[in-house]
Amino acid sequence: MSPSGWDRLSFLAPAGSVHDWRMVLLYDAAVDAGLLDGLPSTAPALAARLDLDAHAVRVVLDALAAWGVVEPDGDGGYRTGAHAPGPEAAPVLRHHARILRSWSAQLDDRLHGVPPDEGPPDAGRVERMLASLTVLAREAAPGTIDACLSSVPGARRGLDLGGGHGEYALELARRGVYTVMQDRPEVVEAVRRRGFDVAGIELFAGDFFEVLPEGPFDLVLCSGVTHTYDRERNLELLRRIRPLLSPAGVLALRTLLRGSHPVAAIFAVNMLVAARGADTHDEGDYRRWLAEAGYGDVEVRVLGRASEHLVRARP
Ligand SMILES: C[S@@+](CC[C@H](N)C(=O)[O-])C[C@H]1O[C@@H](n2cnc3c(N)ncnc32)[C@H](O)[C@@H]1O
């Protein structure tokens, strides 16, 4: 390393010494092109099979070998490397690659006031979003549901609003809480395509600003949703949820609170890039909106990851 450390900041820093966007982008491109599924192989054979450029395939595989994602087989070919991402790491890495692309393509636009495109996401984007969020949710769901049910121990009916992949609904169903999992039609369709069909979970397709399932619910969980919306939309959502709750029911919002953790500030960039009006909000915002929408008994607690919080309230 140079005495001032400048070389650690260069795009030619040794593998592993910076958080490696190079590996993230190379891995994503290689998976997309089918390179990793095609191993073991030589570069020319792989390129011929996949109708790709042999020179580019060789360059990308050589580079991925720097991180041990692939390794030379000593015979002019390549095989899967000892550090190839496993089934949990792969979707997270691919999601990371999409974030890198969208930040680099769109931050400048946002700074100049150009809003993001509002069109519905295509099927591929929905699948990739669900795949990466599933990994995170599998880890977070047990603790989150513990925290939710501690305030409604006898809960029998739950609503997982913006449930996405369904991991939170699954955790509720495992504990005997019959759960309706609502999301946008394109997401529910993707969840069905993944073969999601679980006793004790009902899938409900629809934009929650337009339609909601019939209550009452002992628990309404809204995880990873409220930072997609601004004050007006969140107030509207809270007001729409309130009549669905049973008198002793609980609303639980899982989100990153602005000002609570440095990761929340970084996450806000993602929301800035992703959707018009999206942002993290602070604890005071949530307390104010909940009071305005007619909720009381508000409690805010940190979840397993210090950057994530659960805001609970009763109607
Ligand atoms: C970031 S994901 C969170 C998924 C899951 N709840 C979790 O915490 O991992 C947000 C989900 O909310 C859904 N969503 C956002 N706005 C919605 C709306 N207006 N109606 C229905 N679903 C919505 C999205 O489609 C997406 O699946």
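I began with strand β5 (residues 178-183) and found that it pairs with β6 in the parallel sense over five bridges, where two strands count as paired if DSSP finds at least two bridges between them, and strands (E, at least two residues) and helices (H or I, at least four) are DSSP runs numbered from the N terminus. Within this pair I noted that Met181 stands opposite Leu203 in β6.

I keep in mind that this is a predicted model, in which local features need pLDDT of at least 70 and side-chain atom pairs count only at pLDDT 80 or more, while totals for chains, interfaces and linings use all residues. Residues are numbered from 1 along each chain as its sequence is written.

I then followed the whole sheet, which is open and has seven strands in the order β6-β5-β4-β7-β8-β10-β9, with mixed pairing. The edges are β6 (201-205) and β9 (296-302), each with a single partner strand, so one side of each is left without a neighbour in the sheet.

Next I looked up the ligand and counted 16 residues around it, the closest being Gly162, Gly164, Phe208, Ser223 and Gly224, with nearness meaning that the C-beta atom, placed from the backbone, lies within 6 Å. By class, this shell has seven nonpolar, six polar and three charged residues, where Ala, Val, Leu, Ile, Met, Phe, Trp, Tyr, Cys and Pro count as nonpolar, Asp, Glu, Lys and Arg as charged, and the others, Gly among them, as polar.
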